[in-house]
Amino acid sequence: MEKKTDTTRPEFITAFHFAVTFISADGPVSVPFQSVTGISSTLKTETVAEGGENRFMHTIPSPGTHENLKLTRALTTADSVKAQKEIIQWAENALYNFRITRKTVLVSILNSEHLPVRNWVFEDAYPVKMSINSLDAK
């Protein structure tokens, strides 16, 4: 007997992981990170008085703002060491030598079969900050 699937109900993702891929002219480079934050946008509004009739105010949208993408704690695997070195070199060149090269950053949520469920694309991205956790000899 053939199993029927209900296509009217959405599939809920109960467990997921994500991938971060840097894309440039040299090709894609994937680096695993512990967390990704900053995927957010805010639409600002402006209040304007109606011309000739000051009793009425209108709220209109104005250009929005976007947070910086924050990638935290690159995770080292045997496959990712070369990729990590390339990304660190890219960040150091931008921050220390002011040689800025833009890349496209693709953040993908993956399901249990490692297939993308949702993607965010950040075009013309470049590093603005790099930090190392505090070092403590205690």
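Which element gives the most to the lining of the largest pocket? In this predicted model, the answer is α1, with six residues. The pocket itself has a volume of about 1,400 Å³. Its lining is made up of 34 residues, and those closest to the centre are L69, K70, L71, K129 and M130. Besides α1 (81–96), the elements β6 (70–74) and β8 (116–125) each put at least two residues into the lining. Sorted by class, the lining comes out at 18 nonpolar, nine polar and seven charged residues.

Helix α1 turns up again in the largest nonpolar core. This core has 11 residues, namely V20, F22, V29, V31, F33, A83, I87, W90, V105, V107 and A125. At least two residues each come from β1 (17–24), α1 and β7 (103–110), and the largest share, three residues, is again that of α1. As a general point, nonpolar side chains in soluble globular proteins tend to be buried together.

One of the core residues, V107, is worth a look for its contacts. With neighbours within four places in sequence set aside, V107 is in contact with A19, V36, I39 and L69, and also with R118, N119, W120 and F122. One of these partners, L69, is also among the residues closest to the centre of the largest pocket.

Strand β5 (residues 57–66) makes for another picture, being hardly covered: of its 10 residues, the count of buried ones is one. Its pairing is with strand β4 (residues 41–49), and the two run antiparallel, joined by eight bridges. Within this pairing, S41 stands opposite H66 of β5.

I60 gives a closer view of β5, the strand in which it is found. How far is I60 from T47 in sequence and in space? The two are 13 residues apart in sequence, while their C-alpha atoms are 6.4 Å apart. Once residues up to four places away in sequence are left out, I60 touches K44, T45, E46 and V48. Is I60 buried or exposed? Neither label fits, because a relative accessible area of 38% makes I60 partly exposed, given that buried means under 20% and exposed means over 50%.

Technical notes. Residues are numbered from 1 along each chain as its sequence is written. This is a predicted model: local features need pLDDT of at least 70, side-chain atom pairs count only at pLDDT 80 or more; totals for chains, interfaces and linings use all residues. Side-chain values use heavy atoms; hydrogens and water are left out. On a 1 Å grid over the protein atoms alone, a cavity is a set of points where a 1.4 Å probe fits but cannot get out, and a pocket is an open set with protein on both sides within 12 Å along at least five of seven lines; lining residues have an atom within 4 Å of a point. Grid points are joined across faces, edges and corners, and a volume is the space filled by probe spheres set on the points. Helices (H or I, at least four residues) and strands (E, at least two) are DSSP runs, numbered from the N terminus. Ala, Val, Leu, Ile, Met, Phe, Trp, Tyr, Cys and Pro count as nonpolar, Asp, Glu, Lys and Arg as charged, and the others, Gly among them, as polar. A nonpolar core is a set of buried Ala, Val, Leu, Ile, Met, Phe, Trp, Tyr and Cys residues joined through side-chain atoms within 4.5 Å. Buried means under 20% relative accessible area, exposed over 50%, partly exposed in between (1.4 Å probe, protein chains only). Contact means heavy atoms within 4.5 Å. Two strands pair if DSSP finds at least two bridges between them.
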